[in-house]
Amino acid sequence: MFDQDNHEREAKRRFSRRTLLVGAGQMAGLSVLGWRLFQLQVVNHGRYAPLADENRISLQALAPKRGRILDRNGLVLADNEEHFRATLTPGLAGDVAHILSLFRRIVPLQHDELEKLVRRAKKQSRNTSILIATDLSFEQVAEINLFAPRLPGIATQTAWRRKYRQGPATGHVVGYVGNVERVGLDDDAVMRLPGMKTGKSGIEAGMEKQLRGQGGTIKIEVDAHGHAVRDLESQEPKEGRDVVLTIDAALQKRILDRLMRERRASCVVLDVTSGEVVVMASVPGFDPGDVAEGISNESWQRLVNAEDKPLLNRAIAGQYPPGSTFKLVTALAALQKGYADPDEHISCQGTYDLADHSYRCWKRTGHGAVGFRQAVKESCDVYFYEMAKRLGIDALAEMARKLGLGMVYPCGLPQQKAGVIPDGDWKRAQTNTSWLGGETVLAGIGQGYVLATPLQLAVMTARVATGRAVVPALERGGQQGRAFEFPALDIDERNLQAVRDAMVAAVNEDGGTGVKAALGDAQSIVAGKTGTSQVSQASSDSAQDALTWEERDHALFVAFVPASKPRFAISAIIEHGGGGGATAAPFVRDCIEAVLEAFPQHGQQG
């Protein structure tokens, strides 16, 4: 009996110990679990709460509406057109190829388009949407939304498409938008949105940040399968601001129509008092709408590789030897340095000898004894050879830069070329050789290494006309609506006036090379300078009409009007147009007539 009692007491002790051990283990486990929960929910709350929200909340960027581009009179050049489109998020679609095959029953897709979309979906992040269709009809949108449960990952959206209202007339200035090719880490999130466009050329590119605006965001609560449950909050995108250009679109079209008689040409009209670019025309041109709305690779390659380069804005990126228009630089530099005396005459017999080389004057029989005024009026090469020799290349380069050559301007156009204003340092950097005296005399008449754009030549002319450091502007605003004066150039006013008087003579007196630019009696007096830029050796030995088009000289002309109270500066270049006096001068006359009709209040001679 006692043995049985001992056995029962031992069994109870063993049970109590086991119960205690199990209870202690459970307590330890619950303590560890409780600590872990406390650690997750309290200690590391700041770390894990956002991660949980990321699983629950989808943050999406909203694209802003792009700002419009208008001309100086409020005419719309570029705006936005609403349309419907469809996107696909691969991570929500599952079998992308299958979902797209179902989508094709509503919106036709070519087989190669479908394969391209499938490949793209595999390459990129599965949570990044891709654009699969645009220009959907209302009926197609309704059908896609009706069958949404069978088309997971596909969503319809309202989007904006760029519309260019004036076509080729303002294509080079306005530019065009295209797909975003690369996105940097610091770029706006909207740049990653499917179908997002960014400026590629012209004002669209140069003022991209202002036109694009700021993207918005929307927070969407999603379930475990990534399906939207509800919108939590949103921040509306900020629309890009409108840009009002200085261009007069109607005037530009009129001048462009006249310019299109030529194969390749450019013209710039500048308001000398404000720097506003009233006209910037370049032919041949292109319609930015054809490019922005989607162009096939074959068509794009034809456009890029076209012989006449229609995508090139010759006004800012066409670099030409300025020819005799550069003599305005040489004339001012010679007067400023004291090397040109208005009473001094230099003999021109048709050639100018320097070292062992002879340089021709355009007039083979020579001009005889030539003074300063006659040299500018009749564009005597020999006179300016001598002035360039006296000055040296550094003094020529200094005056050229003072008149705005050899630089780009902060006017919203990113594809400008700086041209070339050479000097000894430039040549050593380019060719590792020393500057030669013969190169100086060629530079003095705008040949040799010297290159300039039509915009630069218009700025040069405006600075001669005003004596001030005129800077071109393409957006109305900063200088509009208030008194504004550019800083004065460090050039003696008497020297500037001597050059202006000679330019008046070149257009309005018998024997002047620019007489074809003169307006009729009782109209504003034009001051101008012709230029002929040699592009082949053959042109120095033959008449222009005896040469092939490619062998003919470029024709240039610069002018300002009215002569006594300058308001507009004009430059024109006609590629392979022959002599500047024969082709560029009459074009500029027509251009001036159009400008003065558009701005009659500025057409009166002061």
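Which side chain does Asp-79 meet in a salt bridge? In this predicted model, the partner of Asp-79 is Arg-165, with N and O 2.9 Å apart. Asp-79 belongs to strand 3, whereas Arg-165 is found in the loop between strand 5 (154-164) and helix 7 (171-174), so the salt bridge ties together parts that are 86 residues apart in sequence. The two residues can also be described by their accessibility. Asp-79 has a relative accessibility of 14% and therefore counts as buried, while Arg-165, at 42%, is partly exposed.

This pair belongs to a wider set of ionic contacts, for a search of the whole structure yields 34 salt bridges. Another of them joins Arg-72 to Glu-276, whose closest N and O atoms are 3.1 Å apart. Arg-72 sits in the loop between strand 2 (69-70) and strand 3 (76-88), and Glu-276 in the loop between strand 11 (265-271) and strand 12 (277-283); the pair therefore ties together parts that are 204 residues apart in sequence. Arg-72 is buried, at 13% relative accessibility, and Glu-276 is buried as well, at 4%.

Strand 11 and strand 12 lead to the sheet. Five strands make up an open sheet in the order 12-11-19-18-17, with antiparallel pairing. Strand 12 and strand 17 (527-533) are at the edges, and because each has a single partner strand, one side of each is left without a neighbour in the sheet. From one strand to the next, the twist averages 5°. Between strand 11 and strand 12, which run antiparallel, there are six bridges; in one of these pairings, Ser-266 has Ser-282 in strand 12 as its bridge partner. Helix 20 (residues 454-466) packs on the sheet, where it touches strand 11, strand 12, strand 18 and strand 19, and the direction of helix 20 makes about 145° with that of strand 19.

A further salt bridge involves a residue of this sheet: the side chains of Asp-271 and Arg-567 meet with an N to O distance of 3.0 Å. Asp-271 lies in strand 11 and Arg-567 in the loop between strand 18 (554-561) and strand 19 (568-574), so the contact ties together parts that are 296 residues apart in sequence. Asp-271 is buried, with a relative accessible area of 4%, and Arg-567 is partly exposed, at 22%.

Salt bridges also occur as a network, which links Arg-263, Arg-264, Glu-307, Asp-308, Arg-314 and Glu-575.

Methods. Residues numbered from 1 in each chain as written. Predicted model: local features only at pLDDT ≥ 70, side-chain atom pairs only at ≥ 80, totals over all residues. Heavy atoms only, no water. Salt bridge = Lys/Arg side-chain N within 4 Å of Asp/Glu carboxyl O. Helix = DSSP H or I, 4+ residues; strand = E, 2+ residues; numbered from the N terminus. Buried < 20%, exposed > 50% of the residue type's maximum accessible area, 1.4 Å probe, protein only. Pairing = 2+ DSSP bridges. Axes fitted to C-alpha atoms, helices over the stretch in contact; angles between N-to-C directions. Contact = heavy atoms within 4.5 Å.
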